[in-house]
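The walk below takes the sheet as its starting point, moves on to the helices that pack against it, and ends at a pocket.

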Amino acid sequence: MHRALEQAHLAAEAGEVPVGAVVVNSEGEILAAAHNAPVLSCDPSGHAEIRALREAGQQRANYRLEGCTLYVTLEPCMMCAGAIVHARLKRLVYGAAEPRTGMVESKANLLAQPWFNHHVEVTAGVLAPSASKLLKAFFAARR
């Protein structure tokens, strides 16, 4: 999660919402690291999670990332939750809850729906104070 926070800081420095993500394989090796960049990339899907999943898929030459864990500083949105299921991640670890659009615990729990043929283990709240502080500082500076 510390590496994901480093990515979140890079996003903030670039003027993007400070969210960072890292994909780690079952051996603990980092396959991909990314931060939010929808504004800079002119891409509405440029969320940290999506960018990290894309890079990890390229590293593995496979969109299925079985056995991998995604570390992300903020609770994933609906788009990212869907990508997590489709990637067949083993585990999701996230920091701060997202009360407005979070789709893992805050607004809904998309990852726990019975109709999905794949289920993802979830660990929430890891380094949440650090992730929340970074987000709050970013938005306070923009006001």
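What follows describes a predicted model, beginning with its strands.

The sheet is an open one of 5 strands with mixed pairing, and its order reads β2-β1-β3-β4-β5. At the edges stand β2 (30–35) and β5 (121–124), and because each of them has a single partner strand, one side of each is left without a neighbour in the sheet. From one strand to the next, the twist averages 15 degrees. The pairing of β1 (residues 20–24) with β2 is antiparallel and is made by 5 bridges, and within this pairing V24 has I30 of β2 as its bridge partner.

Two helices can be placed relative to this sheet. Helix α3 (residues 48–60) lies across β1, β2 and β3 (69–74), and its direction runs at about 150 degrees to that of β2. Helix α5, for its part, packs on the sheet by touching β3 and β4 (91–96), with about 55 degrees between its direction and that of β4.

Helix α5 also leads to the pocket. The largest pocket holds about 580 Å³ of space and is lined by 25 residues, of which V17, L74, E98, L135 and F139 lie nearest its centre. The elements that contribute two or more residues to this lining are α2 (38–41) and α5 (128–142), and the largest share, 5 residues, comes from α5. By residue class, the lining of the largest pocket divides into 13 nonpolar, 5 polar and 7 charged residues. Helix α5 thus appears in both parts of the description, packing on the sheet and giving residues to the lining of the largest pocket.

Conventions:
Residues are numbered from 1 along each chain as its sequence is written. This is a predicted model: local features need pLDDT of at least 70, side-chain atom pairs count only at pLDDT 80 or more; totals for chains, interfaces and linings use all residues. Side-chain values use heavy atoms; hydrogens and water are left out. On a 1 Å grid over the protein atoms alone, a cavity is a set of points where a 1.4 Å probe fits but cannot get out, and a pocket is an open set with protein on both sides within 12 Å along at least five of seven lines; lining residues have an atom within 4 Å of a point. Grid points are joined across faces, edges and corners, and a volume is the space filled by probe spheres set on the points. Helices (H or I, at least four residues) and strands (E, at least two) are DSSP runs, numbered from the N terminus. Ala, Val, Leu, Ile, Met, Phe, Trp, Tyr, Cys and Pro count as nonpolar, Asp, Glu, Lys and Arg as charged, and the others, Gly among them, as polar. Two strands pair if DSSP finds at least two bridges between them. Axes are lines fitted to C-alpha atoms, for helices over the stretch in contact, and angles run from 0 to 180 degrees between N-to-C directions. Contact means heavy atoms within 4.5 Å.
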